[in-house]
Amino acid sequence: MAKKIDLNCDLGESFGAYTIGADEQVIPHITSANIACGFHASDPLVMDKTVGLAQKAGIQIGAHPGYPDLMGFGRRNLNASPKEVRAYIQYQIGALAAFAKAHGMRLQHVKPHGAMYNMAGKDPLLAEAVCEGVASVDENLILLGLSGSQMELFAQKKGIRFAREVFADRAYEPDGSLVARSKPGAMITDEDEAIRRVLRMVTEGKVTAVTGEEIAIRADSVCVHGDGEKALAFTAKIHAALQAQGIALAPLSDIL
């Protein structure tokens with residue numbers, strides 16, 4: 001049986017008069033879309049439009065909840081309690097689920113955004129809060145998170161399906177976490193390098209950390225950030241490279 005992999009992208013991050021990303025061009029190349037829910041980005045009209053685009057393209061959708069930090073695009077660490085994080089997750093899943101229902105769709109997954117994603121990846125209390133928030137709304141939702149993170153551990157404890165995510169455009173620390181965007185070399189901007197790294201993570205289960213160390217990693221889904229300047233080029237070329245290696249692209253619901 002051919003190996004299957006999901007290709008996801010963070011979408012629907014425009015709001016008001018501001019346009020972020022090239023959603024309509026990216027969507028044909030991916031299998032799952034993580035749609036912003038109004039806290040770190042997006043607004044009701046953008047959410048509705050993005051769900052509609054995904055429905056028309058036949059791809060699966062998931063909620064992309066973040067901290068209430070529009071000015072910081074959800075990438076600033078907030079001192080939110082586990083109770084608050086759980087409520088943030090519940091609120092944003094509910095908002096996107098309403099638009100999904102209006103378009104005859106159901107949510108496939110939930111992927112926390114930015115600082116929430118990174119903090120919950122290391123903090124057991126926040127990881128548990130994320131998992132509780134997801135399970136309390138719909139225990140059939142898949143939690144998409146960093147391979148080897150605290151979220152993976154607590155998803156297993158809570159009986160939630162967990163999809164291990166790897167990143168095409170981010171560098172890794174030796175412990176498997178992502179290099180902070182404030183550090184040099186955090187972003188992978190070379191298209192060929194991104195493709196080489198993705199293929200190795202998917203086929204060999206390995207990636208070279210920013211320190212030069214080889215680390216083990218597991219991949220169910222590959223992410224490209226929708227707000228990156230090369231998002232379209234990355235998604236199109238990674239899609240083609242995976243298919244050229246005989247790797248089938250499929251949404252998470254077909255993999256787990």
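Which residue in β4 does Gly-62 stand opposite? In the predicted model described here, the residue of β4 that Gly-62 stands opposite is His-109, and the strands around this position provide a convenient route into the architecture of the protein.

The secondary structure of the protein comes to eight helices and 10 strands. The C-alpha atoms fill a box of roughly 40 × 40 × 40 Å when the principal axes are taken as the frame. The radius of gyration is 17 Å, which agrees with the value near 18 Å that a compact globule of 256 residues would have. Of the 256 residues in the protein, buried residues make up 55%.

Several of the parallel strand pairings can be followed from β1 to β4. Strand β1 (residues 4–11) and β2 run parallel and are joined by four bridges, and within this pairing Leu-11 stands opposite Ile-35 in β2. Strand β2 (residues 32–36) is in turn joined to β3 by five bridges, and these strands also run parallel. Asn-34 has Gly-62 as its bridge partner in β3, while the partner of Ala-36 in β3 is His-64. On the way to β4 (residues 109–110), β3 contributes two bridges, again in a parallel arrangement, and it is here that Gly-62 stands opposite His-109. Gly-62 is thus placed in both pairings of β3, being the bridge partner of Asn-34 and standing opposite His-109 in β4.

The connections between these strands pass through helices. A right-handed β-α-β unit is made by β2, helix α2 (residues 44–57) and β3, and a right-handed β-α-β unit is likewise made by β3, helix α3 (residues 82–102) and β4. Strand β3 therefore takes part in the unit that contains α2 and in the unit that contains α3.

Burial in these strands was examined next. In β2, five of its five residues are buried, and the cover extends to both faces of the strand, with Ser-32, Asn-34 and Ala-36 buried on one side and Ala-33 and Ile-35 buried on the other. Strand β3 (residues 60–64) is also mostly covered, four of its five residues being buried.

Two residues in the loops that lead into the helices of these units have backbone angles that call for comment. Most residues other than glycine have a negative phi. Ser-42, although it is not a glycine, has a positive phi of about 80°, and its place is in the loop between β2 and α2. Because its relative accessibility is 6%, Ser-42 counts as buried. Phe-73, which is not a glycine either, has a positive phi of about 55° and is found in the loop between β3 and α3. With a relative accessibility of 13%, Phe-73 counts as buried, since the cut-off for burial is under 20% relative accessible area.

Thr-235 lies in helix α8 (residues 231–244) and is buried, with a relative accessible area of 0%. Between the C-alpha atoms of Thr-235 and Ala-87, which are 148 residues apart along the chain, the separation is 32 Å.

The analysis of open space concerned the largest pocket. Rolling a probe the size of a water molecule over the atoms shows where empty space is left. The largest pocket has a volume of about 630 Å³, and of the 34 residues that line it, the closest to its centre are Gly-114, Asn-118, Met-119, Arg-170 and Leu-178. Helix α4 (114–122) and strand β8 (214–216) each supply at least two residues of the lining, and α4 gives the most, with seven residues. By residue class, the lining of the largest pocket divides into 13 nonpolar, 12 polar and nine charged residues.

Key
Residues numbered from 1 in each chain as written. Predicted model: local features only at pLDDT ≥ 70, side-chain atom pairs only at ≥ 80, totals over all residues. Heavy atoms only, no water. 1 Å grid on protein atoms, 1.4 Å probe; cavity = no way out; pocket = protein on both sides within 12 Å on 5 of 7 lines; lining within 4 Å. Points joined across faces, edges and corners; volume = space filled by probe spheres on them. Nonpolar A, V, L, I, M, F, W, Y, C, P; charged D, E, K, R; others polar. Buried < 20%, exposed > 50% of the residue type's maximum accessible area, 1.4 Å probe, protein only. Pairing = 2+ DSSP bridges. Rg over C-alpha atoms; globule rule 2.2 N^0.38 Å.
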